[in-house]
Each structure stands twice: as structure tokens, then as C-alpha cells.
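Thanks, everyone. Let me put the structure up, and then I'll walk you through a few places in it.

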Amino acid sequence: MDFFEVITSRSSIRAFLPRPVEKGLLEKILQAAGRSPSYMNTQPWEIFVVTGQKKEELAVELFAASARGIPPRPDFPFPEFWPETLQNRLQTHRFRRLAALGIDLGDREQIEAVHRRNFKFFDAPCVVFIGMEESLTAWSLFDLGLFVHGFLMALHAADLGGCPQAALAAYPALVRQKLGIAENIKIVLGVSLGYPDPQAPINNYKSQRINVNDFVRWHD
């Protein structure tokens with residue numbers, strides 16, 4: 001795939017084959033993502049790769065925390081509201097994605113079950129957590145966004161798939177404790193990844209994008 005095909009054909013993957021991701025391939029992908037630009041070349045990203053038994057144990061604990069109704073305590077607060085235009089996009093995307101799964105929009109129990117699959121990493125063989133040192137500013141948070149974008153593009157170019165998940169930042173203290181991460185490292189999000197399952201209906205879902213002239217203002 002050329003660059004433009006990679007960027008336009010990528011989508012979030014939420015169903016994976018049980019095939020493990022080769023460590024050498026993941027190292028190559030992470031090395032490429034590490035070329036992402038950052039403020040004064042500070043490269044503030046802290047990356048934690050979780051597979052195997054440790055991943056399974058973490059999934060059990062995160063899922064249990066959600067199922068017990070423990071309130072999320074993210075290091076970076078989740079949005080409480082959106083401007084109307086963005087809220088409309090969010091709602092449309094949510095409804096379309098649930099419909100692609102065959103979920104009744106009035107069935108709250110089914111919708112909750114779908115949400116909690118986040119904490120099982122969508123049964124992916126690998127999950128990567130992205131964090132940064134707590135003293136850093138929004139500029140470094142922006143740099144982490146650049147890293148994650150590069151990481152997702154590199155995954156797709158390598159015939160893998162990934163899904164960036166804010167939900168995986170809901171219980172950062174649990175993640176730090178389970179993985180032995182220092183308290184001064186704040187968890188921004190997680191990315192579940194692996195080889196996409198081509199038979200899963202959800203992987204055929206494509207989110208809508210607005211037209212370039214809806215978000216670009218030209219000044220001559």
C-alpha cells in the first residue's frame with residue numbers, strides 16, 4: 001500500500017484472529033512510530049506492551065472493575081460534553097456501529113456488554129498502553145497523539161489492525177499496579193492489536209468522514 005492508501009483505508013479493528021503478533025514485527029512497527037515528531041524532539045511517549053498470561057490477568061481485573069460498577073478514575077478526565085455538531089457525529093457513529101453488531105438500541109444490557117468488551121481487549125493477542133510523565137503539559141499529550149497515529153498507520157501497513165481505546169485508561173491505578181509502572185507515569189490510552197478477523201461483521205463497519213470543505217477554510 002502507498003501512503004495515501006494506508007491512511008484512507010485504515011479503520012479501527014474490534015475482532016482479531018488468535019494468531020500471536022511476532023515480536024520482531026511489533027518492534028519494527030514501534031521503531032517506525034518512534035519517528036513521529038515531538039516538541040523539541042523530546043519523544044515523551046512511554047510504551048507498555050502486554051501479551052500472554054499477563055494480558056489475560058489484566059483483562060480479568062479490568063473487566064471485573066467495570067462489571068462491579070467501580071467509577072472510572074482516568075488520569076486525564078473524559079469529556080463531559082461536546083459541541084452540538086460533534087455530539088451529532090458521535091451519536092451517529094455510535095448508533096451505526098451498534099446497528100452493525102445487530103444490537104437493539106433499546107437493550108441497555110446488550111449495549112453495556114458491548115462496552116465491556118473493551119476491557120477484554122476485544123480478544124486481541126496484544127495490547128499496548130501509552131503513557132507519559134505526569135509533569136508534562138498538553139504539548140506532550142499532543143506528541144503522544146502523533147505517536148499513536150503513526151503506530152496505527154504502521155500496524156495497518158503491516159496487515160495488522162488496532163483499536164485505540166480511551167476506555168482502557170479508565171482504571172490507570174490498576175494498570176500501573178498490575179504492570180509495575182511507576183506512579184509518575186500517567187496512562188493516556190490503550191491500543192488493542194493483532195491480525196484482523198476477516199469474518200467478523202464489526203470489522204466491515206466503516207465510520208463516516210466529513211468532507212474536506214467541512215473542516216478546511218481557504219484563505220487566498
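Start with Pro164. Its bridge partner in β4 is Val191. Keep in mind that this is a predicted model.

Now follow that strand. β4 covers residues 185-194. Which strands pair with β4? β2, residues 126-133, does so in the antiparallel sense, over eight bridges. β3, residues 161-165, also pairs with β4 in the antiparallel sense, over five bridges.

Look at Val191 again. On the β2 side, Val128 stands opposite Val191. On the β3 side, Pro164 is the partner of Val191. One place along, Cys163 stands opposite Ser192 in β4.

How many of the ten residues of β4 are buried? Nine, so the strand is largely enclosed by the rest of the structure. β3 is mostly covered too, with four of its five residues buried.

Next, Arg14. You'll find Arg14 in the loop between α1, residues 3-9, and α2, residues 23-33. Arg14 is buried, yet it has no salt bridge. Where is the nearest side chain of opposite charge? That is Asp123, 13 Å away. A salt bridge needs the charged atoms within 4 Å, so a gap of 13 Å does not qualify.

What does Arg14 touch? Leave aside its neighbours within four places in sequence. The contacts are then Arg97, Arg117, Phe122, Cys163, Ile202 and Asn203. Two of those names matter for this talk. Cys163 is the residue facing Ser192 across the β3 and β4 pairing. Phe122 comes next.

Phe122 lies in the loop between α5, residues 108-116, and β2. Phi of Phe122 is near 55°, a positive value in a residue other than glycine. Buried or exposed? Phe122 has 5% relative accessibility, so it counts as buried.

Set Met40 beside that. Phi of Met40 is also near 55°, again positive and again not a glycine. Met40 is found in the loop between α2 and β1, residues 46-51. Met40, however, is exposed, with a relative accessible area of 72%.

Last stop, the surface. Ile210, Val212, Phe215 and Trp218 make a nonpolar patch of about 440 Å². Val212 belongs to helix α8, residues 212-215. Val212 is partly exposed, at 39% relative accessible area. Patch residues must be over 30%, so Val212 clears that cut-off.

To recap: β4 is paired with β2 and with β3. Arg14 is buried without a salt bridge. And the nonpolar patch includes Val212. Over to you.

Conventions: Residues are numbered from 1 along each chain as its sequence is written. This is a predicted model: local features need pLDDT of at least 70, side-chain atom pairs count only at pLDDT 80 or more; totals for chains, interfaces and linings use all residues. Side-chain values use heavy atoms; hydrogens and water are left out. Buried means under 20% relative accessible area, exposed over 50%, partly exposed in between (1.4 Å probe, protein chains only). Helices (H or I, at least four residues) and strands (E, at least two) are DSSP runs, numbered from the N terminus. Two strands pair if DSSP finds at least two bridges between them. Lys and Arg count as positive and Asp and Glu as negative; His and the chain ends are not counted. Contact means heavy atoms within 4.5 Å. Patches are made of residues with over 30% relative accessible area and no salt bridge: like charges are joined within 9 Å, nonpolar side chains (Val, Leu, Ile, Met, Phe, Trp, Tyr) within 5 Å. Accessible areas come from the Shrake-Rupley method with a 1.4 Å probe; for residues, only the protein chains shown count as cover.
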